[in-house]
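Biologist: Could you put the model up, so that we can go through it together?
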Amino acid sequence: MAETRQWQLASRPVGEPTMENFELVTVDRPEPGHGEVLVKTLYQSVDPYMRGRMRDAESYAEPWEVGDPMKAGVVGEVVESNAARFDEGDVVTGDLLWAEHAVADADELQRVNPELGPVSTALGVLGMPGVTAYWGLLDIGDPSPGDTVVVSAAAGAVGSVVGQLARLNGARVVGTAGSDEKIDWLTDDLGFDAAINYKTTDDLSSAMDEACPDGIDVYFDNVGGPITDAVWPRLNEHARVAVCGQIALYNETSVPTGPRKLAQLIQTRAKVEGLLVSDYENRWGEALERLSKFVRNDEIRYRENVVEGFENAPDAFLGLFEGENIGKQLVKVAERGE
């Protein structure tokens with residue numbers, strides 16, 4: 001029987017994950033049953049939310065069990081089909097295993113249209129991160145022309161799209177990121193009005209004042225921690241806050257106590273709302289239609305940080321917590337048609 005490889009959760013991390021938490025194993029390549037397809041992974045996504053699934057704790061995503069293969073967003077090629085929806089050679093995307101090959105129910109997969117862009121974008125600007133940015137900003141943030149929009153982790157897959165969408169809606173856009181290279185990309189290439197390198201800024205509060213002289217109307221929060229602490233006192237009346245991620249806290253063994261923020265909401269009457277892209281499942285196509293048009297017209301630009309080789313998938317994931325990526329972090333596993 002043919003074999004394939006998969007990454008399994010070897011142990012639960014305490015604090016920041018390490019390579020010891022992952023195990024690469026060789027297993028028999030699965031065979032699709034009725035209504036299923038066998039998918040060869042071309043690209044695998046790594047995302048910060050995966051850190052939560054490595055914990056044995058209740059969350060919006062079910063935790064992985066030790067010894068089980070992990071899951072990820074995947075773009076792959078159908079190599080065997082027992083489903084009428086797909087033929088051999090079709091490119092699909094879905095939530096599959098960290099594996100070179102995986103079987104999936106055809107109803108849980110979506111066809112990837114290569115005419116919209118490189119197939120890898122189905123995991124980035126034309127996939128979950130893009131849709132998260134689209135609905136999180138436009139539905140929760142609801143920016144108006146002249147508003148000031150602040151985006152944390154602005155050089156990431158979600159934040160970079162948020163900032164560009166805000167700019168297209170006539171807002172003043174300020175981003176935070178952790179390197180001068182990222183700051184230059186945001187301001188020079190993506191059209192952000194200002195950007196703050198939080199790693200080299202001595203006084204984050206003063207930097208936020210300088211970048212946002214008229215206060216903050218919309219905050220798209222991917223990070224939490226000190227950046228959010230600096231944003232909070234500068235929220236304008238009726239500001240909107242979309243809480244998408246809290247990567248600054250994901251590896252903490254206990255949640256630190258920061259400034260007490262709720263009293264500020266009484267004065268500002270600001271709205272704070274958590275964001276799960278799954279809530280917009282029925283509006284996915286609407287977002288992708290507009291995003292693909294923006295990409296084709298060069299109104300939204302994107303970058304991909306592609307790590308070559310399935311064996312390097314954990315390294316790509318761990319790199320997220322070091323801030324190594326600009327744009328979408330991906331693992332290239334195989335070529336189409338191999």
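Modeller: What follows is a short talk through the fold, a surface patch and one helix residue.
Modeller: This is a predicted model, where local features need pLDDT of at least 70 and side-chain atom pairs count only at pLDDT 80 or more, while totals for chains, interfaces and linings use all residues. Residues are numbered from 1 along each chain as its sequence is written, and side-chain values use heavy atoms, with hydrogens and water left out.

Biologist: How many helices and strands does the chain have?
Modeller: The chain has 9 helices and 15 strands, and its radius of gyration is 20 Å, close to the 20 Å of the globule rule for 338 residues, so it is as compact as a globular protein of that length. That radius is taken over C-alpha atoms, and the rule is 2.2 Å times the number of residues to the power 0.38.

Biologist: And what share of the chain is buried?
Modeller: Buried residues, meaning those under 20% relative accessible area (exposed is over 50%, partly exposed in between, 1.4 Å probe, protein chains only), make up 51% of the 338 residues.

Biologist: Which residues form the negative surface patch?
Modeller: Glu 16, Asp 315, Glu 322 and Glu 324 form it; patch residues have over 30% relative accessible area and no salt bridge, with like charges joined within 9 Å. Glu 322 sits in the loop between helix 9 (313-319) and strand 15 (328-332), and is partly exposed at 44% relative accessible area.

Biologist: Changing topic, where does Asp 209 lie?
Modeller: Asp 209 is in helix 5 (residues 204-211), and its C-alpha is 22 Å from that of Asp 142, which is 67 residues away in sequence.

Notes:
Patch = residues over 30% accessible without salt bridge, like charges linked within 9 Å, V, L, I, M, F, W, Y side chains within 5 Å. Areas by Shrake-Rupley, 256 points an atom, 1.4 Å probe, with all protein chains shown as cover. Salt bridge = Lys/Arg side-chain N within 4 Å of Asp/Glu carboxyl O. Lys, Arg positive; Asp, Glu negative; His and termini not counted. Charge placed at Lys NZ, Arg CZ, Asp CG, Glu CD. Helix = DSSP H or I, 4+ residues; strand = E, 2+ residues; numbered from the N terminus.
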